[in-house]
Amino acid sequence: MNSLIDKYNIPGPRYTSYPTVPYWDENSFTPELWKQSVIRTFKESNAEEGISIYIHLPFCEALCTFCACHKRITKQHSVEIPYLESVLKEWQLYLKLFNEKPKLKELHLGGGTPTFFSPKNLKTLLEGIFETVEIAEHQEFSFEGHPNNTTKEHLQTLYDLGFRRVSFGVQDYDPKVQKAINRIQSFEKVREVTEWAKEIGYRGISHDLVFGLPHQTWEAMESTIRKTMELKPDRLAFYSYAHVPWVKGVGQRGFDENDLPSGEEKRRLYEDGKKLLEELGYIEVGMDHFSLEHDDLYQSLIQKKLHRNFMGYTSSKTQLMVGLGMSAISDSWYAFAQNIKTVEEYQKMVEEEEIPVVKGHILNDEDLTVRRHILNLMCQLETTFDIHNSFPELENAFEMLKEMENDELVEINGHHIQITEKGRAFTRNVAMVFDLRMMRNKPETRIFSMTI
Ligand SMILES: C[S@@+](CC[C@H](N)C(=O)[O-])C[C@H]1O[C@@H](n2cnc3c(N)ncnc32)[C@H](O)[C@@H]1O
Ligand code: SF4
């Protein structure tokens, strides 16, 4: 396995979209085309499967210096109300495009830190949305909670509004790691919020752990995993630390490249971490995600219903996902769009009654074919190509897979590809073979984090 990781650990996308953001063709995109695409998808899919909303709540009180998310650091809570008013106004702009009441199937509050907002303000925001929609049966509402500022009242208020899933950012319990990433957070605090969530009735409780952080050793990782097991979250995200200091605005600092585990050490963190999680009863569901057997995510994997979008893996699929808030990404299956990335510009555009999308991509037929196959590989670990509906490079792509077949990472049968158990860690590498936009235009500088 070691030499396989050496061989395949290269920079690569995480495929929450295809084409991936750096390969969006700006020339194909206009806000007008985006609106038309939303109208089309809404008509096609609202009645049947409903829609998803993602709300980006960007504020955090302090900067964690490993974080790669779009955030705004402030201690001023006076930003809350104007921001949520902008989000509600933005939603009104979308409502004008719809010919019937949206059926809300999935809702996710991400960030930044949603629990930066007071429970009362979150309630105002959500009620503002709920009065304009019909809530679907078996709705899936989730949010990201920072253990240091999630209160019992947050959990209760959101539960009463229909939320059943929460993910808590844990990362690592080791004091040296926590100091380096500027995120001091005790196990007792995480225990408290996790127990509150269980008591209130949440059933999809997840913890985010990250491997490859500065100063992280296997001993620290093992202790973090064993502590996590005491709390038995239903799910776990086990993310590889994405070191992307070149990306504007992420603010990854406060430690040196030399403080990061070497490739060899990071590999051990991943491999031994995965082994330990499996010994402790967690099943790898999709890339980076583990769950206990009873959890919906695992059940949807078995039923082949697992889906992946900008929110990560989800157990249901909707064709239309409207992203609200600064930097939020929306997906209409036929197009992607991203909102402007600063709070002030976002608020200004919404004030001027403009849907605040500033970049995006309209998928052509070939993109749609590739998107479907990459999604199959990421979610079902298999896909079958139809040679009559493919692309000129298909045979070449299969040629490239031969090496992975020899390494027993995939099984190939005609035009059917199955990723093997051993190949799961290399799913991103398999998907990359079919990433036509990247293959045709290889990046000259580093734009992606490493695949492992
Ligand atoms: C928006 S935060 C979660 C909510 C809240 N802000 C918190 O920190 O608890 C989303 C998650 O992304 C993950 N994350 C952020 N930056 C990362 C990076 N550079 N590499 C890998 N994972 C990262 C962390 O696990 C983090 O918990
Ligand atoms: S990890 Fe969470 S709290 Fe920390 S800066 Fe990123 S979004 Fe904010």
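A nonpolar core is a set of buried Ala, Val, Leu, Ile, Met, Phe, Trp, Tyr and Cys residues joined through side-chain atoms within 4.5 Å. In this predicted model, the largest such core takes in 67 residues. Domain 1 (25–362) and domain 2 (365–440) both feed residues into this core, so it sits between them. Below is a quick tour, from the whole fold down to a few backbone oddities.

**Overall build**

- The protein has 15 helices and 19 strands.
- For 452 residues, a compact globule would come in near 22 Å radius of gyration, and the protein has 21 Å, which agrees.
- Measure-by-axis, the C-alpha trace spans about 55 × 55 × 40 Å along its principal axes.
- Buried residues account for 59% of the 452.
- If you look at contacts with a sequence separation of 6 or more, 74% of them come from residues 24 or more positions apart.
- The accessible surface is about 19,000 Å², and carbon and sulfur atoms make up 49% of that.

**Two domains**

- The domain assignment splits the protein into domain 1 (25–362) and domain 2 (365–440).
- Their C-alpha centres are 28 Å apart.
- Where the two domains meet, 18 residues of domain 1 are in contact with 13 residues of domain 2.

**The nonpolar cores**

- Within the 67-residue core, the members that touch the most other members are Tyr15, Phe238, Leu277, Met404, Ile417 and Phe434.
- Helix H12 (residues 365–380) is the top contributor to this core, giving seven residues.
- Another core, of 57 residues, lies apart from this one, and its members include Phe59, Phe98, Leu161 and Trp196.
- In soluble globular proteins, nonpolar side chains do tend to be buried together.
- Phe238 is worth clicking on: leaving out residues up to four places away in sequence, its contacts are Leu209, Phe211, Met221, Leu269, Tyr270, Gly273, Lys274, Leu277, Asp288 and Phe290.
- Leu277 shows up among those contacts of Phe238, and Leu277 is also one of the residues touching the most other core members.

**Salt bridges**

- There are 28 salt bridges in the structure.
- In helix H4 (residues 119–130), Glu127 and Lys123 are four residues apart, which puts about one helical turn between them. Their side chains pair up in a salt bridge, N to O, at 3.4 Å.
- Glu127 has a relative accessible area of 36%, so this residue counts as partly exposed. Lys123 is also at 36% and is partly exposed.
- Helix H9 (residues 263–279) holds Asp272 and Arg268, four residues apart and about one turn of the helix. The closest N and O atoms of this salt bridge are 2.8 Å apart.
- That H9 pair straddles the burial cut-off: buried means under 20% relative accessible area, so Asp272 at 18% counts as buried, whereas Arg268 at 42% is partly exposed.
- Helix H13 (residues 394–406) has Glu399 and Lys402 three residues apart, again about one turn of the helix. They form a salt bridge with closest N and O atoms 3.3 Å apart.
- Both ends of the H13 bridge are partly exposed, with Glu399 at 47% and Lys402 at 41%.
- Lys274, Glu278, Glu284, Glu421 and Arg424 are tied together in a network of salt bridges. Lys274 from this network is also in contact with Phe238.

**Backbone oddities**

- Tyr18 and Pro19 are joined by a cis peptide bond, with omega about -5°. Pro19 sits in the loop between helix H1 (2–8) and helix H2 (31–49).
- Tyr15 is in that H1–H2 loop too, and its phi is near 50°, a positive value in a residue other than glycine.
- With 4% relative accessibility, Tyr15 counts as buried, and this residue is one of those touching the most other members of the largest core.
- The Gly111 to Gly112 peptide bond is cis as well, with omega near 25°. Gly112 falls in the loop between strand S4 (103–111) and H4.
- Leu381 has a positive phi, near 65°, in a residue other than glycine. Its place is the loop between H12 and strand S17 (382–384), and at 11% relative accessibility Leu381 counts as buried.

Notes
Residues are numbered from 1 along each chain as its sequence is written. Chains are lettered from A and ligands numbered from 1 in the order in which they are written. This is a predicted model: local features need pLDDT of at least 70, side-chain atom pairs count only at pLDDT 80 or more; totals for chains, interfaces and linings use all residues. Side-chain values use heavy atoms; hydrogens and water are left out. Buried means under 20% relative accessible area, exposed over 50%, partly exposed in between (1.4 Å probe, protein chains only). Helices (H or I, at least four residues) and strands (E, at least two) are DSSP runs, numbered from the N terminus. Domain bounds come from an automatic or database domain assignment. Contact means heavy atoms within 4.5 Å. The radius of gyration is taken over C-alpha atoms; the globule rule is 2.2 Å times the number of residues to the power 0.38. Accessible areas come from the Shrake-Rupley method with a 1.4 Å probe; for residues, only the protein chains shown count as cover. A salt bridge is a side-chain nitrogen of Lys or Arg within 4 Å of a carboxyl oxygen of Asp or Glu.
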